[in-house]
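Work through the exercises below with the sequence and the structure at hand. Try each task before reading its solution.

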Amino acid sequence: MINLQELKKIFRGFISLNEPLAKYTSFKIGGPADIYAEPFDKIDLTNLVQYLKDNNEPFMIIGRGSNMLISDSGYRGVVINLESGLSKISLENNFVIAESGLRIGMFVDFCIQNSLSGVEMLAGIPGTIGGAIMMNAGAYGGEISDHICEVEIFRNSKIQKINKANSGFIYRRSGFVNDIILSGTFNLIKGSTGELIKKRRELLLKRNESQPLNLPNSGSMFKNPEGTFAAKEVESVGLKGKQFGNAQISEKHGNFIVNKGNAKASDVFELIKIARSDVFSKNKIKLELEVKLVGFSKQEYEIVHN
């Protein structure tokens with residue numbers, strides 16, 4: 001059991017008890033966290049994480065709460081939100097250094113304003129730099145790791161800098177699953193600000209036309225299987241528009257599940273099961289979740305990961 005008086009001696013940020021998590025997720029779904037914390041800065045974060053590890057207290061990190069589905073019962077532990085305290089970005093010796101709580105959209109804007117190209121394909125992804133690095137986020141044939149040269153992390157009670165070669169980047173994964181990502185350093189190439197603005201606008205229009213951005217969602221639900229697209233497989237078995245409770249497999253894009261209003265995590269979970277079952281039954285393809293499940297039981301987790 002966490003001693004709040006002890007915690008406040010080493011932590012300067014915001015703390016709340018039994019904080020509903022729905023308002024911190026892009027899905028607008030999720031029960032309460034036992035303790036919710038917003039670190040003041042990077043040192044505040046590492047102090048908190050070390051305290052929790054020393055006391056064997058469960059915790060998880062979120063940025064904008066995208067790419068995750070939090071259960072209706074919430075999270076039994078500490079949820080640490082980095083968006084308010086770790087959102088700095090700077091240009092140093094032609095390298096862009098972005099802290100993990102910075103919104104991806106702000107990162108893209110900063111790069112374009114400084115005539116730096118290579119990350120404009122990330123525009124419109126509703127996440128933060130830390131989550132994007134952790135998941136090696138990408139779109140339209142590019143990945144955030146394409147331009148990373150170094151990642152700053154908290155590992156084994158120390159702040160360390162890991163170069164790209166040792167970061168374990170593969171499709172939608174990195175080697176930082178058990179680490180706390182603090183910032184990323186990016187090496188980008190010079191471009192024309194006008195051309196980059198035009199390209200970003202084109203990509204955003206393309207995303208708006210193909211994805212249900214008007215309704216809360218967590219981004220792509222499934223990873224693309226080798227040689228095909230998850231959306232194509234879901235749509236091929238007639239599930240586009242399938243609804244359970246107030247959750248729906250998008251009528252616009254088969255790899256998105258949307259919240260049509262007060263949807264529960266259990267509604268989304270049922271649609272995940274239906275999609276995986278039908279696609280495997282008819283197409284013999286196992287869809288692998290891209291979205292992270294939080295607060296679900298081991299049995300529930302295994303049901304959608306078998």
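## Exercise 1: A lysine and its salt bridge

Lys223 is buried, with 10% relative accessible area. The model is predicted.

Task: Find out which residue meets the side chain of Lys223 in a salt bridge, and where the two partners lie.

Solution.
- Step 1. The partner of Lys223 is Glu288, and the N to O distance is 3.1 Å.
- Step 2. Lys223 belongs to the loop between helix 5 and helix 6 (230-236), and Glu288 to the loop between helix 7 (265-283) and strand 18 (292-294), so the salt bridge ties together parts 65 residues apart in sequence.
- Step 3. Glu288 has a relative accessibility of 37% and counts as partly exposed.

## Exercise 2: Two further salt bridges

Task: Describe the salt bridge of Asp34 with Arg76 and the one between Asp179 and Arg155.

Solution.
- Step 1. In the bridge of Asp34 with Arg76, the closest N and O atoms are 3.0 Å apart.
- Step 2. Asp34 sits in strand 2 and Arg76 in strand 5; these are distant parts of the chain, 42 residues apart.
- Step 3. Asp34 is partly exposed at 29% relative accessibility, and Arg76 is partly exposed at 44%.
- Step 4. For Asp179 and Arg155, the N to O distance is 2.8 Å.
- Step 5. Asp179 is in the loop between strand 12 (158-163) and strand 13, while Arg155 is in strand 11, so this pair ties together parts 24 residues apart in sequence.
- Step 6. Asp179 is buried, with a relative accessible area of 9%, and Arg155 is partly exposed, with 24%.

Task: How many salt bridges does a search of the whole structure find, and which residues are joined into one network by salt bridges that share partners?

Solution.
- Step 1. The search finds 16 salt bridges.
- Step 2. Arg12, Asp41 and Asp44 are joined into one network through shared partners.

## Exercise 3: The largest nonpolar core

Task: State how many residues the largest nonpolar core has, and which elements give two or more residues to this core.

Solution.
- Step 1. The largest nonpolar core has 32 residues, and those with the most contacts inside it are Phe107, Leu122, Ile133 and Phe186.
- Step 2. Two or more residues come from each of strand 7 (95-99), helix 3 (104-113), helix 4 (129-135), strand 11 (148-155), strand 13 (180-187) and helix 5 (193-210).
- Step 3. Helix 3 gives the most, with six residues.
- Step 4. Apart from this core lies another, of 26 residues, including Leu239, Ala265, Val268 and Leu293.
- Step 5. To look at one residue of the largest core, take Ile133. Leaving out residues up to four places away in sequence, Ile133 touches Ile144, Ile148, Val151, Phe169, Ser174, Phe176, Ile181, Gly184 and Phe186.

## Exercise 4: Three loop residues

Task: For Thr25, Asn67 and Lys88, give the loop and decide whether each is buried or exposed.

Solution.
- Step 1. Thr25 is in the loop between strand 1 (14-20) and strand 2 (32-38). Its relative accessibility is 2%; buried means under 20%, so Thr25 counts as buried.
- Step 2. The side chain of Thr25 reaches the backbone oxygen of Ala22 at 3.2 Å. Beyond four places in sequence, Thr25 touches Arg64, Gly65 and Ile70.
- Step 3. Asn67 is in the loop between strand 3 (59-62) and strand 4 (68-70). Asn67 is buried, with a relative accessible area of 16%.
- Step 4. The residues touched by Asn67, not counting those up to four places away in sequence, include Ser26, Met135, Ser218 and Glu290.
- Step 5. Lys88 is in the loop between strand 5 (75-81) and strand 6 (89-92). Its relative accessible area is 54%; exposed means over 50%, so Lys88 is exposed.
- Step 6. Lys88 still touches Ile97, Ala98 and Glu99, not counting residues up to four places away in sequence. Lys88 and Ser100 are 12 residues apart in sequence and 8.5 Å apart in space, C-alpha to C-alpha.

## Exercise 5: Cysteines

Task: Decide how many disulfides there are.

Solution.
- Step 1. A disulfide needs two cysteine sulfur atoms within 2.5 Å.
- Step 2. By this rule there are zero disulfides.
- Step 3. For Cys111, the nearest cysteine sulfur is that of Cys149, 12 Å away, and Cys111 is in no disulfide.
- Step 4. Cys111 is buried at 0% relative accessibility, whereas Cys149 is partly exposed, with a relative accessible area of 28%.

Definitions and conventions:
Residues numbered from 1 in each chain as written. Predicted model: local features only at pLDDT ≥ 70, side-chain atom pairs only at ≥ 80, totals over all residues. Heavy atoms only, no water. Core = buried A, V, L, I, M, F, W, Y, C linked by side-chain atoms within 4.5 Å. Buried < 20%, exposed > 50% of the residue type's maximum accessible area, 1.4 Å probe, protein only. Helix = DSSP H or I, 4+ residues; strand = E, 2+ residues; numbered from the N terminus. Contact = heavy atoms within 4.5 Å. Polar contact = N/O pair within 3.5 Å; in protein donor to acceptor, adjacent residues only side chain to side chain. Salt bridge = Lys/Arg side-chain N within 4 Å of Asp/Glu carboxyl O.
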